[in-house]
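I opened the notebook to keep a record of what I looked up in this structure, entry by entry. The sheet comes before the rest.

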Amino acid sequence: MTAQSGAADVAVRATAIVDANAALEGPLLPILHDLQDEFGCVPEEAVPVIANRLNLSRAEVHGVVSFYPDFHHSPSGRHVLKVCRAEACQSMGGEKIADRVRSALGIDWHETTPDGAVTLEPVYCLGLCSCAPAAMLDGEVTGRLDETRLAPLLDEARR
Amino acid sequence: MSLIHEIDYGTPASTSEEAVTLTIDGFEVTVPVGTSLMRAAAEAGIQVPKLCATDMVKSFGSCRLCLVEIEGRRGTPASCTTPVAPDMVVHTQTPRLKEIRRGVMELYISDHPLDCLTCAANGDCELQDMAGEVGLRDVRYGYDGANHVKARDNGEANPRYRPKDESNPYFTFDPSKCIVCSRCVRACEEVQGTFALTIEGRGFGSVVAAGQDEAFLASECVSCGACVQACPTATLQEKSVIDNGLPEHARVTTCAYCGVGCSFKAEMRGEELIRMVPYKDGKANRGHSCVKGRFAYGYANHKDRILNPMIREKITDPWREVSWEEALAHTASEFRRIQHQYGRSALGGITSSRCTNEETFIVQKLVRAGFGNNNVDTCARVCHSPTGYGLKTTFGTSAGTQDFDSVEKTDVVILIGANPTDGHPVFASRLKKRLREGAKLIVIDPRRIDLVRSPHIEASYHLPLKPGSNVAILTALAHVVVTEGLFDEAFIRERCDWDEFQDWATFVSDPRNSPEEVEKISGVPAAAIRGAARLYATGGNGAVYYGLGVTEHSQGSTTVMAIANLAMATGNLGRPGVGVNPLRGQNNVQGSCDMGSFPHELPGYRHISDEATRDIFEKLWNVTLDDEPGLRIPNMLDAAVDGSFRGIYIQGEDILQSDPDTKHVAAGLAAMECVVVHDLFLNETANYAHVFLPGSTFLEKDGTFTNAERRINRVRRVMAPKNGYADWEVTQLLANALGCGWNYTHPREIMAEIAATTPSFAGVTYELLEKEGSVQWPCNDKAPTGTPVMHVGGFQRGKGKFVVTEYVATDEKTGPRFPLLLTTGRILTQYNVGAQTRRTANTVWHEEDRLEIHPHDAEQRGIKDGDWVRLASRSGETSLKARITDRVAPGVVYTTFHHPGTQANVITTDFSDWATNCPEYKVTAVQVALSNGPSDWQQEYEEQARQARRIAPAMEAAE
């Protein structure tokens with residue numbers, strides 16, 4: 001697919017998503033979630049489509065998309081591993097766990113392994129402070145992380 | 001003289017009429033309900049430290065510097081977001097507040113470069129000021145942590161650093177100096193209404209971004225300058241300040257571009273203009289500006305500007321530079337010879353809508369008193385002459401009824417034949433602000449202009465009529481108002497002629513004027529016409545704003561009267577928020593009409609045949625005036641071709657480019673024996689001139705401009721005329737060379753003469769303008785400080801007059817050979833014939849005129865975007881590049897006329913308004929076909945222009 005027809009395809013699919021949500025009160029966030037489900041990200045080409053349909057400026061939509069770390073402009077890996085770096089987890093050794101994860105996967109924050117298996121993201125509080133340090137793989141949380149509990153998590157992420 | 005420092009009250013003024021009294025730092029302050037503590041303090045002369053607040057935008061409360069303590073309340077609320085309450089006791093400076101403010105400043109400065117000495121904003125930086133005000137002495141955090149300042153940190157690229165964006169020709173964006181106060185983002189949204197900027201990211205990673213994080217030039221940014229004005233640091237900075245340093249003195253003056261008439265501070269260093277900054281007290285613009293007035297003044301120093309007088313025997317000769325004495329003596333002797341040989345009426349003059357009232361007044365005086373005839377006309381002939389005629393007939397005054405502030409009280413706006421976001425950008429921003437507050441909009445325009453739909457604005461109705469069917473549509477709106485009983489009977493009975501109303505009502509009620517019938521003529525669905533009429537008649541304060549899309553038609557005057565009928569029938573006149581508002585094209589087109597520029601009218605719109613009026617001028621000028629109207633521009637050209645009209649003095653107008661049927665204009669000029677062009681540049685008309693008198697810019701002279709709201713604004717000289725004389729002085733020198741014996745020493749004396757002879761200006765003096773800033777005529781004993789809203793309580797002419805507006809289709813019709821309709825307009829960054837804006841960096845946005853064509857019509861002709869196309873009408877043909885867009889309806893094509901190479905007026909016909917001869921620019925039947933490039937005419941023209949502009953090398957030791 002050429003770049004141009006790719007962009008046109010994104011525009012068509014994005015238009016359908018925007019139209020499906022346009023009647024909602026405050027439709028922008030539901031639209032962004034649906035786009036992320038559809039494309040694995042919020043493609044930049046979709047931003048003008050949303051802006052036009054909702055009668056916003058491109059800048060406004062861009063401001064919202066960029067505000068939320070969970071919305072990306074390019075797709076993440078097959079898995080997304082989020083490691084908590086907030087205060088409670090830090091106090092329970094979370095940074096050491098985080099270093100361990102980075103060296104085990106060979107990537108830094110916001111990066112994806114070359115095989116596309118996993119993207120590593122920092123997160124600031126999963127609401128699991130009582131079970132710190134905590135992480136979340138593809139939406140499923142794990143608490144009280146240590147070497148033993150980390151290993152199967154990394155195995156799963158690499159798959 | 002020094003810089004003009006305007007107080008920044010921090011938050012906008014409250015409009016409440018209820019007052020509150022409180023105590024701030026021991027002083028009692030009384031302010032309107034809803035005022036912020038910050039503003040209340042500022043009104044008492046106390047400036048609370050602040051960074052994110054400025055009175056051009058609403059309070060935001062993000063910088064945490066403007067904290068105050070309030071007795072009886074806990075904590076330290078932000079003074080910008082806390083409204084006043086009765087009997088509050090507020091302290092703006094306490095040990096606790098000092099401590100907090102210093103701490104906040106430390107954090108700001110820890111992520112800001114320390115290059116104050118070499119920074120372009122040094123001395124004009126609010127961050128610097130605040131550091132001083134809070135007594136910042138030390139930054140405990142150091143400068144080594146995460147930052148947005150350094151390109152490289154510890155040898156590695158700093159991912160947070162962003163380089164300077166210099167893409168905009170007039171200002172730079174340096175994110176390393178940004179404190180993320182978001183004043184720029186809010187100014188773009190609230191003041192300009194473009195929403196081109198945003199805050200990207202969150203927390204410490206927040207940065208200002210244009211569009212989707214792109215260069216300013218690539219984003220939606222329209223370069224209005226509001227963000228630059230709002231920025232408290234050097235993040236957004238004028239390039240002229242970066243290049244030249246800060247200005248040291250300033251004078252308030254009036255922009256010389258469109259009819260909005262924005263007030264600016266011309267900020268100077270010596271005789272160099274450093275920048276133009278919109279003036280908050282300017283009553284037309286209220287502190288806002290557009291890319292033209294704010295930035296596009298570079299033409300004043302352009303290399304093409306001619307500074308010495310020039311003459312030549314024949315238009316095929318090269319120009320010869322001569323002294324002022326020689327040029328004027330030559331002109332006077334030629335003019336005398338022509339009148340001797342061909343008679344008194346063989347001469348004429350054209351006044352300029354770009355020049356001041358005073359200059360225009362003395363040009364018409366030169367013609368009437370000096371030439372002894374009434375052959376004077378002005379470029380309003382080709383734009384708003386139908387407005388003058390139509391509004392005079394119906395209301396009794398040839399001008400708009402409101403001030404621009406009126407839009408703040410409007411509930412429903414009908415916008416017809418105007419494209420304010422391009423043509424009148426500052427008014428457009430004020431209109432958009434009102435629309436975002438909930439006012440409704442009806443757009444009547446063949447083209448889908450930006451106001452039909454753009455971020456946060458959407459017209460309730462867009463009636464995309466076929467060009468030329470304005471009268472039919474307006475009568476159909478009136479049909480709905482009358483037949484559905486939506487008219488304001490009490491208003492009509494009280495203020496209008498009831499019998500005339502009944503005649504008119506019978507006429508509009510006729511089924512042939514129903515929306516269903518008019519749909520067949522205009523192509524606009526009847527339901528939309530009905531909906532729009534109901535909305536205007538019942539939606540509250542209804543105001544009509546219109547432009548050249550109304551006037552430049554064969555039924556231009558009829559359309560103006562149809563608008564007036566509609567406003568009278570719905571009672572939408574005589575108070576703020578309503579009215580009929582022509583958006584005037586040029587800075588002083590209202591003024592040039594007021595000053596008696598038309599062949600049949602003396603200043604103040606009094607007919608030349610009126611003996612009493614003539615008597616006033618005859619006594620003062622000590623001459624006998626001709627009581628017959630003189631020639632209009634088209635008649636002068638016809639007479640020139642016939643041989644009876646031989647010489648003309650043209651001040652500041654390029655008739656060859658701006659008037660219809662270019663070939664006819666060229667033939668008329670070529671037939672004359674002495675064409676005198678008085679202008680900044682060798683314009684297109686000058687290609688046919690024998691004498692060229694160099695003109696002065698608005699920066700080089702004193703005077704007044706009158707804008708679209710009848711507001712007389714001062715123009716103030718900030719530098720000496722580079723050509724030696726202000727334009728009024730040149731006209732006086734010419735008059736005196738002809739033996740008139742004038743001795744004006746300052747334009748204020750000309751204004752005194754205007755006031756002494758013209759009732760609507762009777763009270764205008766330079767002293768009054770100094771005191772009031774500006775006044776709107778009529779200004780006389782009855783209204784000593786002017787008249788913001790006209791026809792309050794009753795019409796100027798007595799009873800409002802309803803005029804039957806029969807629709808007569810133009811003779812310019814489409815057919816098999818010319819199946820498309822061409823209509824013309826403007827673009828934001830260029831102005832009129834482009835003589836000025838083409839000589840500025842504004843060309844980065846619009847380097848050539850394009851032909852807009854609907855995809856359907858383009859496909860039929862095999863035209864792709866960017867192809868050269870041949871545009872032909874019954875009058876002529878030209879070539880330009882196509883732009884394919886669905887902004888225009890199928891069957892309609894559109895172009896601008898800013899570039900002489902395009903020669904759009906070769907295409908337009910010589911059909912004109914039945915009453916005023918205003919040309920029918922907005923409708924021409926055309927055909928469009930692929931072509932290889934410029935037409936033969938364009939190439940011939942280009943060659944002729946090149947030849948005609950040659951200037952002979954100066955002779956040695958000419959003294």
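Entry 1, a sheet in chain B. In what order do the strands of the open sheet of 4 strands in chain B lie? I read the order as 2-1-4-3, with mixed pairing, and I note here that the model I am reading is a predicted one. Strand 2 (27–32) and strand 3 (69–70) of chain B are the edge strands, each pairing on one side only. Following strand 3 of chain B inward, I found that it runs antiparallel to strand 4 (residues 89–91) of chain B and is joined to that strand by 2 bridges. For B:Glu69 I looked up the bridge partner in strand 4 of chain B, which is B:His91.

Entry 2, a hairpin further along chain B. Strand 12 (residues 263–269) and strand 13 (residues 272–278) of chain B pair in the antiparallel sense, and I counted 6 bridges between them. One of the bridge partners I noted is B:Met276 in strand 13, which sits opposite B:Ala266. The hairpin has 2 residues between the strands, and there B:Gly270 takes a positive phi near 60°. Strand 13 of chain B is mostly covered, with 6 of its 7 residues buried.

Entry 3, the overall layout of chain A. I recorded 7 helices and 4 strands for chain A, which along the sequence follow the pattern α-α-α-α-β-α-α-β-β-β-α. The chain is divided into domain 1 (3–67) and domain 2 (79–158), and the centres of these two domains, taken over C-alpha atoms, are separated by 30 Å. Along the principal axes, the C-alpha atoms of chain A fill a box of roughly 50 × 35 × 20 Å. Of the 159 residues of chain A, 29% count as buried. Among the contacts in chain A between residues at least 6 apart in sequence, 57% join residues at least 24 apart.

Entry 4, helix 6 of chain A. Which residues of helix 6 of chain A are buried? I listed A:Gly94, A:Ile97, A:Ala98, A:Val101 and A:Leu105. Seen down the axis of helix 6 of chain A, the buried residues fall within an arc of 100°, so they line one face of the helix. The background I kept in mind is that an α-helix has 3.6 residues a turn, so residues three or four places apart point the same way. On the face of helix 6 turned away from the buried side I found the exposed residues A:Asp99 and A:Ser103. The cover over the buried residues of helix 6 includes strand 1 (79–84), helix 5 (87–91), strand 2 (118–123) and helix 7 (147–158) of chain A. I also checked the length: at 1.5 Å a residue, the 12 residues of helix 6 (residues 94–105) of chain A should span 16 Å, and the end C-alpha atoms are 16 Å apart, which agrees. Just after helix 6 of chain A, A:Gly106 takes a positive phi of about 70°.

Entry 5, helix 9 of chain B. The same check on helix 9 (residues 357–371) of chain B gives an expected span of 21 Å for its 15 residues, against 20 Å between the end C-alpha atoms, which agrees. Here 15 of the 15 residues are buried, so helix 9 of chain B is largely enclosed by the rest of the structure. B:Gly372 follows helix 9 of chain B, with a positive phi near 75°.

Entry 6, the contact of the two chains. I find 12 residues from chain A and 19 residues from chain B in the contact. Helix 4 (residues 58–67) of chain A gives the largest share of the side of chain A that touches chain B, namely 7 residues. By class, that side of chain A has 4 nonpolar, 5 polar and 3 charged residues.

Entry 7, backbone exceptions. Most residues other than glycine have a negative phi, and most peptide bonds are trans. A:Asn55, which is not a glycine, has a positive phi of about 60° and is found in the loop between helix 3 (46–54) and helix 4 of chain A. Is B:Phe195, another residue other than glycine with a positive phi, buried or exposed? B:Phe195 is buried, with 21 other C-beta atoms within 10 Å, whereas A:Asn55 is exposed, with 12. A cis peptide bond joins A:Ala132 and A:Pro133, with omega about -10°, and another joins B:Trp777 and B:Pro778, with omega about 0°.

Key:
Residues are numbered from 1 along each chain as its sequence is written. Chains are lettered from A and ligands numbered from 1 in the order in which they are written. This is a predicted model: local features need pLDDT of at least 70, side-chain atom pairs count only at pLDDT 80 or more; totals for chains, interfaces and linings use all residues. Domain bounds come from an automatic or database domain assignment. The expected span of a helix is 1.5 Å times one less than its number of residues. A residue is buried if 20 or more other C-beta atoms lie within 10 Å of its own, exposed if 12 or fewer, and partly exposed in between; C-beta atoms are placed from the backbone. The arc is that of the directions from the helix axis to the C-beta atoms. Two residues are in contact if their C-beta atoms, placed from the backbone, lie within 7 Å. Two strands pair if DSSP finds at least two bridges between them. Ala, Val, Leu, Ile, Met, Phe, Trp, Tyr, Cys and Pro count as nonpolar, Asp, Glu, Lys and Arg as charged, and the others, Gly among them, as polar.
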